Amino acid sequence: MNKKLLVSATFLTLILIGMSPSLMVWGQEPIIGGILHTPLSADAHALNPFSWTTTYEAYIIWHIYDPLVRMDLENQAFACIAESWSHSTDYSEWTFVIKDDVYWHDGKKLTVDDVFWTYNMLWNDTNVPRRSWLFDEITDLQIVDNTIVVSFGWGPKPADVLYDLATTLIVPEHIWDGIDLYTFANDEPIGSGPFKFVEWERAQFFRLETHDQYQFPIYVDGKTIPIISEVEAQFYALAGGDIETMANPPPELEDAAEFYNSSVHTALNDYWVYLGMNQRRYPNNVTEFRQAVSYGIDRDEIVEIIKYGRGAVMPASCNLPWGTYYNPSAKTYPYNITKTIEMLDALGWTDTNADDIREDGLGQDLEFDVIVSADAQESVDTVKFIKTYLEPAGIKVNVVPIIWDVLWQTVGGLGHIDQDYDYPGKYDYDWAVLGWVGFWSDFHPSSFYWLLSADRWWGSDDVNIPGWNSSVRWEVTDLCNDTLYSTDDAVIEANIDLIQELVAEDLPYVPLQVNGGTYLYKTDEYKGWELGPTDGPDNYFTWLSIQLIKPPEAGPGFLALGAIITLVVSVAFVRYRRRK
Amino acid sequence: MALLEVKNLKTYFHTRAGSVKAVDNVSFKLGKGEVLGLAGESGCGKTTTCLSIMQMIDFPGEIMEGQIIYENAFEVITENPSKSFRDRIFNRNVENKKRTKNLLEFSEAEMRSIRGNHISMVFQGAMNALNPVHRVGNQIQEVLNIHEPELEKDEAWDKVIDILETVGIDSVRARDYPHQLSGGMKQRALIAMALVNNPDIVIADEPVTALDVIVQAQVLKATKELQRKFDLSMIMITHDLSVIAEVCETLAIMYAGKLVEYGDLRTLFKEPFHPYTQALINAFPSIAGPKKDLYDIGGFPPDLRNPPSGCRFHPRCSKAMPICSKKEPSNTPIKNGYVACWLYEEEEKRK
Amino acid sequence: MGLRGYIAKKLFFAAVAFFVAITIVFFLYHVIPGNPANIFATDRTVNPDQRDALLERWGLNEPLWKQYGIFLRNLFQGDLGFSYLQKMPVTDVIGESLPWTLLLLGTSFVLNAVIGIFLGAFVAWRRGSKLDTGFVLTYNFYNAIPLFFVGMLFIALFSFYVRKWGWGFYFPAYGAQTAGSSEWGFFPRLVDILWHLALPLTVLTIAGILGWSWFMRGNLINILTEDYIKTARAKGLNENQVLYKHAFRNAILPVVTNIGMSIGGLIGGAVLIETVFSYPGTGRMLYEALIRHDYPLVQGAFIIISGLTLLGLLIAEIIYGFIDPRIRTE
Amino acid sequence: MTSSEISDYSSIRLMRMAGFSFLGLAIIFVVLEIIVVFFGELSYLSIITSLLLSLSVVILVLSLRKVALQTPSIRRNVIIASSWLIGYIFLTIISETFFVFLILQVAAFVIGLISMLVRIISFTQLNNTFKRLSKIGYNLDSQIFLLYGWFAVLSTVALIVSVYTLNLTVIIAVVITTVVGEISLLFAVGYKLIQNSNAIKDIFEGVQKRFLDDRPELEDHENIVVEAVNLEKLFPVISGFFESIFSIERIKNTGRATAKYFSSIFSKERTKTIKELTREYFGKVFEEREKLFVHAVDDVSFRIHKRETFGLVGESGCGKSTTGLLLLYLLESTGGKIFFKGLDSSELSVRELKEVRRYIQIIFQNPYESLSPRFSILDIIAEPLRLLNIETDEAKIEEKVKEELESVGLIPAEDFIDRFPHELSGGQRQRVGVARAFILDPEFIVADEPVSMLDVSIRVGVLKIMRQLTLDRGTAFLFITHDLALARVMCDRIAVMYLGRIVEQGPTEELIQKPIHPYAKALIAGVPKPDPDAKRTEELPIIGEVPSGIDVPAGCRFNPRCPFAIDKCKIYDPKLEEVEENHLVACLRYKEINDM
């Protein structure tokens, strides 16, 4: 009996010691300033600021490196390495003044030479992925004192230069000079950003500490970025206090967040989803038909049900209502199935053979296969919804989920490969559900240029994946060019208004929704969260302002102590009884 | 003076379809140095009888009644018997106040010190009775390890070598694994295993059935010699009367869970009393002497869940009388034994 | 002669199987749709020339058979290639994740085998008892639940609710070690790693233990009806001696051959568990490399995994040869 | 009939086999050529070489046929060697034809490895064969094969190197070496064959003559139902292969031989030729492989007449069950012939064999396992009728089954017809088995230990029924048992088998009363007698147990256990000789023994 007691007490103690988290911090100094924990859902691959391939890598890289200019939460330019910037009157020559008090993480001073080296490399070395299309347009680079002068053959808009070119991350010349970018893993990156790289355990975590020579004060001591692949696990980690923020919590748990001292912030994501109707095929190239389909889709319901309300309806004009250039008179397509039916009837496309499916002008059934990425359950669900919406209007929709690679190939997304040869499956689709990334809500002219001009996307017409080729397209292209070269704001505004109206009327893309994100963040430990309409709580401006308000619990593991005492007492007890 | 006496042993197997009376009221005696042959068809209860003596009946079997009196039983009685798991399962009464020589009252621990030590058993050895993953010598040595733990390892091994040579196996084979031995050698090894600790009684269950004739003859010869050498008491279970004829002195014939005839071997072979014994002896083909026609008993053995009333042999008996199907015959003494048959009971009564 | 020949035979077959496996992996993976150039497919900052240059640099513009030839040649030289994504030699990438997988799988495997076998033996010995019934029920119940769900349940329970309820202890919901633990010194770090290991290991091991003991139980129940068990009892052995000296070793023979199979199962389960618990193992890495078309990494990971499985199988068969004298001496 | 005459038939089979493989190879060549031409690249030379080589193999096989007549072991060797060679050629063709395609080089790498093994084996095998040949007067020097073997090894190594380096020059060099090597081999073989052309002529003529004239004379065709002539069944012990390939001994020997050879080249003091070296290091190892056959049935001949029960008696492992299976056509014999009603089984087509099987039935040993538990008794017995479409009318089938059941003593038949096997006792089940065997009125029945699982009281009944049915229906009956006493009850004639051979054969009573062969004597003496006074012979005449079928003793197979064995018995293998009418004994000393 005694023996059993002893053994079980020992076991219990060992288990308790093993379980005790407090032992982990035994003997450590109490944390001042605190370490911020923000999760990533997948590992980064290589910390190269030019050839990153996933947002996860970009996230880490933007902690470590700084550009000349960062975008603030309202998408306005914020001076980072550049102190100020100016341009010639025709916008063709841009001058950036470099700050004097910027240091690399290894203590060296950041000079204009580093900036020049970085820009020069991207300008001249065509093998390096250029993070901005404007590098193609540069005609000359010069250093004058502490300024760098960038010359163009024409005058791009300030928005283009600031948002696109000046956000290029600057790398230190003394480290990068002479390396082979293809094999450079950049394992211990040296940047000038707010956080210094400390440690990266692959697939586990990143550890960053505050750059103490950073130009702005930072109150936290550092950041730990654990990689947590499952959102549920992220949620429990957040609720349990292991991490401070997370994105897109499981919807069923979202409401529970406030019980665990978390706040919810919702913002729009940089992701637009549209229904691409392959206009290389009849009847997709009939504008009235596209409009009819557009009327037949209840976008509000899709956002509400499939997206759990996270997001917004995508306007047909490709510009969000609160954007700078939004044109309220552009056409919208509120859900109206009777209108769809009317329009189809007006086209004369009726059901003649009584199979509940209308025939088009050529007598073909209005039956369409919709290809959609099988990885994205939300998109598949969206198509299923569209199927039910269009059924009463006599349009039959088949859901065809396929893997992303194949989908991208089929819709012609491979871009340059298209021009050279045909590969199997190219453009062999009816409809597709796709998205765009990279166009902020406050559109500036270049966004339209990117999206709708016939001249972009490495010179191919595949940017218009649905094969938009009507006369309106050329009109829009001309307008875009006009806008880009125009210096008159009134003309620009008028052009953009017109573009929006044209696009909304002609519908190159049948709009669906703009995805949104929901973020949770712990309010009881830190203050100074900065939140924007398109940004979560974890952003550059939060990093600059966040402060610890609750000291972390630290000290010896009381539980372990208790366990040891229990052990000693039980041993003593057993001994005592045995002697007796 | 009987070394082992089985009195009214009843062992039943409880199945869903009813109790199988595998051994029903069996009694016999085994003297010192005597070789008893237990013969009968398969399923007649001869193996169950012997397993009952060893108390190795497994669930759902149960020894219902009877006594197994073992003369040297007191040698193993321990002072403080404790009930083991198996004791509890089989409801053994080990806390009795007055200890008798009845093995059925022994605890599992006490039975263990009897098994292999006082009473050992030889199973059909052709394939499975030796553990394939242990060396033959070690398997034999194990018996010594259990029952004579004070024995040094070397001494025990010497003993193993001795006994193997006694039964006619070359001592180098002690380090072999069972699959390296031939059938005959395996059987010899099993016999060696049974004999290594000088038991009083050896129960041999069909020891030569699976062997070829020549090997069979060799093994039987060795067995006989060993029995004489050690003055062993043996119970030889077999369905082969010729094996019994060769080795045994006393013969017991079982039929359907009953002992139908018991007596001196020579007498019984010359002048069998029970019709079943007669039939059995006549049904055996022989190689010696002139060719004779074989006797066909006819019919088939009964289902023991539902045995025939009265004498269990009566449906197949050529001399059956009306009374046979109504009442069970009792044991009628004959020369050196008894027989359970109405034919002779009537005679007794008539006298 | 016997055992050596046996081992040689097994080695030969293992080598052939390995070769076939890597060939299949190479071709299957190269002919499925999609290619590594799509890593940049949606990235408008990478222009066509750069993509072509990349493909050429990676040797992907060569015909498939030539790529295969080069792949094999490199393989024989011990070179698994250069990961496109990680910009590191594949051996280094795998070298970072493999120890974690081995830690998780190896520990789990040893625990599975040892506890599973003994539990199985124990349950078989008490077959028909309440313990046995309980075991059978548990086995069926646990098998009916998907492993990742069990993992999630464990996270919710032992990582979060215990903290919420104030039990004073908890297990981490993610990762293999605390960030920064590398500066703590050996023992605190070891404790930290074990602490992180606890949950995934438990989930993986419970399933394994149940599987192994189920198998063991079945074997032992069969073995216990064999004649040599009767012989052993007739020798006067007590129940424990019969069980562990005679029945156990025979029952364990088929279990040993099962090792290879169970390693395959373990790796399958480990991918799930690694994902659920964000454990930095080879399985998870393989999964990511697969969807990103990082050919060399996938091939490398596959070679390692199939190599491990085959190695396990080989070891199992050699162990079998050692413990079953019938194979050893024939 | 002597064994050499019978071997003729085997060798014709061998010829056929060689012919077919040649044809098959030719087809493969054509296909390969098409492929190669289609892809536009080709090394014709190697294809042609391989073609010629395969031709040479065919000639080789033919030339060896005469030799094959002499002893079974050489014949075996030839078969093995030629099949190895054919396999090797096939592999060579693949590896060298596809050589030009870089992708298949890797396949060639693997195949090359295998082919190297095959080459090593085949040339040592041939070496052995030729050693034997030279002993009996055929002077085909094995040196050339050794040379060729070394060539092959070197070229394979070069092949591997070439694949590794992917270097075109090396590849071409390898092709040339291989081609030169193989052409030289071809010439060498051809030269030797021309030298021995007379022998070849002899062989051809001899074979033709024998094939035409030497059909066994079957006297009394009507009465002989089954005749086994020099039946032979060898079971290869498969596991031996890898052991022999990978044995450390062999690897060491290879190393030693190579080292010695090269050292002798460099030291310019050739102490030993390659031939001697190879003999020294390889010869012995490969002879081991030859033993790895279980000689289950070896040279067994007997006849079974109508209405006759023939007993095969012997200890377990003596080959009696295998003989039964051979006679049932359930196993294919490796040598000898079976005549069923005068029909030679080896000349029957598959369909004809099926037809013949209808007349041959089996009674199994274990009635507990041989009856399907899900079939009713009616279905079990009627199954052959239905399967062979002999009777389609269900009522008639039932009638017939009932009749059959009654004839085996399951009376009344109505009680049994709808029952299932588990409801019957062992004896009843075996009677059902007997009924099933007899329902087709077969000409011949094989019963393998039909009563050994039954109890004594049941046995007699089943035996009597079988005996009765055999006599009533005139069936020939093969009764396989280990129990001579049972055989005495059942059989008209008995053959005693020992280690795959019949050692004594004769009428039952005569054999049991007056056995001649020492083994038969011992067997009879060993049978237990159910009589307490008639003790078994106190001193058993023989000792030990049956040796394994793999290590068959030289000379008389019984000599290690025979108390009468003398030196002569260890050398000469006795043939069955007729002692009295119908009483055959295979013993060299039977006269002396019986006089003793």
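C:Lys235 and B:Glu142 are joined by a salt bridge, with their closest N and O atoms 2.8 Å apart. Keep in mind as you look around that this is a predicted model. The points below start from that pair and the interface around it, then turn to chain B as a whole, and finish with one residue of chain A.

**Where chain C meets chain B**

- The salt bridge of C:Lys235 with B:Glu142 belongs to an interface where the count is 2 salt bridges.
- Polar contacts also cross between chain C and chain B: the rule finds 11 such residue pairs, both residues being at pLDDT 80 or more.
- On the side of chain C that touches chain B, the elements giving two or more residues are helix H8 (227-234), helix H9 (239-276) and helix H12 (325-329) of chain C.
- By class, that side of chain C has 12 charged residues, along with 6 polar and 6 nonpolar ones.

**How much surface the two chains share**

- Chain B brings 31 residues to the contact, and chain C brings 24 residues.
- Together, chain C and chain B bury about 2,500 Å², and 57% of that lies on carbon and sulfur atoms.
- Which residues of chain C lose the most area to chain B? They are C:Arg233, C:Ala234 and C:Lys235, which together account for 23% of what the chain C side buries.
- C:Lys235 therefore turns up twice if you are browsing this region: in that trio and in the salt bridge with B:Glu142, where a nitrogen within 4 Å of a carboxyl oxygen is what counts.

**Chain B as a whole**

- The secondary structure of chain B comes to 11 strands and 11 helices.
- Chain B has 351 residues, and 61% of them count as buried.
- Among contacts in chain B with a separation of 6 or more, 66% are between residues 24 or more positions apart.
- About 14,200 Å² of chain B is exposed, with carbon and sulfur atoms supplying 48% of that area.

**A closer look at A:Ile225**

- You will find A:Ile225 in strand E10 of chain A, which covers residues 222-226.
- Is A:Ile225 buried or exposed? A:Ile225 counts as buried because its relative accessibility is 0%, and the cut-off for buried is under 20%.
- A:Pro39 lies 186 residues away from A:Ile225 along the chain, yet their C-alpha atoms are separated by 5.2 Å.
- Leaving aside residues up to four places away in sequence, A:Ile225 touches A:Pro39 and its sequence neighbours A:Thr38 and A:Leu40.
- Other residues that A:Ile225 touches include A:Tyr59, A:Ile60, A:His63, A:Gln204, A:Phe205, A:Phe206 and A:Leu208.

Notes. Residues numbered from 1 in each chain as written. Chains lettered and ligands numbered in written order. Predicted model: local features only at pLDDT ≥ 70, side-chain atom pairs only at ≥ 80, totals over all residues. Heavy atoms only, no water. Helix = DSSP H or I, 4+ residues; strand = E, 2+ residues; numbered from the N terminus. Buried < 20%, exposed > 50% of the residue type's maximum accessible area, 1.4 Å probe, protein only. Contact = heavy atoms within 4.5 Å. Areas by Shrake-Rupley, 256 points an atom, 1.4 Å probe, with all protein chains shown as cover. Buried area = accessible area lost by both parts, 1.4 Å probe. Salt bridge = Lys/Arg side-chain N within 4 Å of Asp/Glu carboxyl O. Polar contact = N/O pair within 3.5 Å; in protein donor to acceptor, adjacent residues only side chain to side chain. Nonpolar A, V, L, I, M, F, W, Y, C, P; charged D, E, K, R; others polar.
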